[in-house]
Amino acid sequence: QLPDGFVYVEDEILDIQLEMRYCLNNNFVGQPIDGYHAEVCILTKEATHALKKVQEALKKQNLGLKIFDAYRPQRAVNHFSKWAKNVNDTLMKQEFYPEVDKRNLFNEGYIASRSRHSSGSTLDLTIVDLLTGEELDMGTPYDYFGKASWLLHEALTETQKSNRMLLHNTMIKFGFRHYPQEWWHFTLRGEPFKNQYFDFPVE
Ligand SMILES: C[C@@H](N)C(=O)N[C@H](C)C(=O)O
Ligand SMILES: [Zn+2]
């Protein structure tokens, strides 16, 4: 039973793809994150409603959305903070933050200790080609913490730039705003629980 105002996104947008990274080992910590108990995707009703319009618009071009993270419990954010304090644990550095000192991931803005994700209207996502099943080339993988993931990074191919702009412009058109340091991170404008940080588990 979810709190009032929240839904499972996959129940509302039937053809959406999920790869909920913080429930898996394939993330910057290298293990499942506290509070993620099942590979399900939770958002507020308002964010899901807007996201459905994004999915419908992309479908006309044989494209669709893949979500990596959405509602994030505060205990997961706390897990990130605890992990960051252990500077000797650099298991996933080469893949996720090769150019940033682990000590700076929070103060350089790549991870937040009070995350918009915990209010339930923020999500991390990319676009997939429905014909091939492949993710579009965005120039970096998801959660690559570094300047190459900034939306307007210059050293990208024209295809990578246009793929980023397609995701950005479609999300903006249907009511989201973007976080400039991470091409994948969007928050619903006028989100319903802006000042609340929830801690119910993802299950
Ligand atoms: C950790 C990354 N996926 C992310 O969501 N970063 C922002 C800044 C956050 O933690 O809210
Ligand atoms: Zn995010």
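Okay, quick one to start: is Tyr 97 buried or exposed? Buried, with a relative accessible area of 0%. Keep in mind that this is a predicted model.

Let me stay with that residue for a moment. Tyr 97 makes an aromatic pair with Trp 83, and the geometry is edge-to-face, with 5.8 Å centre to centre and 90 degrees between the planes. Trp 83 is in helix α3, residues 74-85, while Tyr 97 is in the loop between α4 (93-96) and β5, so we have a link between distant parts of the chain, 14 residues apart. Trp 83 has a relative accessible area of 5%, and because the cut-off for buried is under 20%, Trp 83 is buried as well. There's also a charge on that ring: the charged end of Lys 102 sits over Trp 83, 4.0 Å from the ring centre. While we're on charges over rings, Arg 114 lies over the face of Tyr 197, at 4.5 Å from the ring centre.

Now the wider aromatic picture. The count of aromatic pairs comes to 19. One of them is Phe 28 with Phe 145, edge-to-face, 5.1 Å centre to centre and 70 degrees between the planes. Phe 28 is in the loop between β2 (17-18) and β3 (42-44), and Phe 145 is in the loop between β5 (122-129) and α5 (158-173), so this pair ties together parts that are 117 residues apart in sequence. Phe 28 is buried at 1% relative accessibility, and Phe 145 is buried at 1% too. Ring pairs also join up into a cluster, whose members include Phe 28, Phe 145, Trp 83, Tyr 97, Tyr 110 and Trp 184.

Next, two residues from the strands. Leu 65 is in strand β4, residues 63-69, and counts as buried at 0% relative accessibility. What does Leu 65 touch, leaving out residues up to four places away in sequence? The list includes Ile 16, Leu 51, Val 54, Leu 58, Leu 125, Ile 127, Val 128 and Leu 167. The C-alpha atoms of Leu 65 and Glu 135 are separated by 9.0 Å, with their positions 70 residues apart along the chain.

The other one is Phe 186, in strand β7. Phe 186 is also buried, at 0% relative accessibility. C-alpha to C-alpha, Phe 186 and Thr 122 are 5.6 Å apart in space, although they are 64 residues apart in sequence. Setting aside neighbours within four places, the contacts of Phe 186 include Thr 122, Leu 123, Leu 125, Leu 167, Met 171 and Phe 176. Leu 125 and Leu 167 turn up in the contacts of Leu 65 and of Phe 186.

Last topic, the pocket. How much space lies in the largest pocket? About 260 Å³. The lining has 23 residues, and the closest to the centre are Ser 115, His 117, Tyr 179, Glu 182 and His 185. By class, that lining is ten nonpolar, six polar and seven charged residues. Strands β6 (176-178) and β7 (185-188) each supply at least two of the lining residues, and β7 gives the largest share, three residues.

So that's the tour. If you have the model open, go to Trp 83 and look for Tyr 97 and Lys 102 around that ring. Then find His 117 and His 185, which are among the residues closest to the pocket centre. Happy to take questions.

Terms used
Residues numbered from 1 in each chain as written. Chains lettered and ligands numbered in written order. Predicted model: local features only at pLDDT ≥ 70, side-chain atom pairs only at ≥ 80, totals over all residues. Heavy atoms only, no water. 1 Å grid on protein atoms, 1.4 Å probe; cavity = no way out; pocket = protein on both sides within 12 Å on 5 of 7 lines; lining within 4 Å. Points joined across faces, edges and corners; volume = space filled by probe spheres on them. Helix = DSSP H or I, 4+ residues; strand = E, 2+ residues; numbered from the N terminus. Nonpolar A, V, L, I, M, F, W, Y, C, P; charged D, E, K, R; others polar. Phe/Tyr/Trp six-rings, centres within 6.5 Å; stacked < 30°, edge-to-face > 60°. Buried < 20%, exposed > 50% of the residue type's maximum accessible area, 1.4 Å probe, protein only. Lys NZ or Arg CZ within 6 Å of the ring centre and 35° of its normal. Contact = heavy atoms within 4.5 Å.
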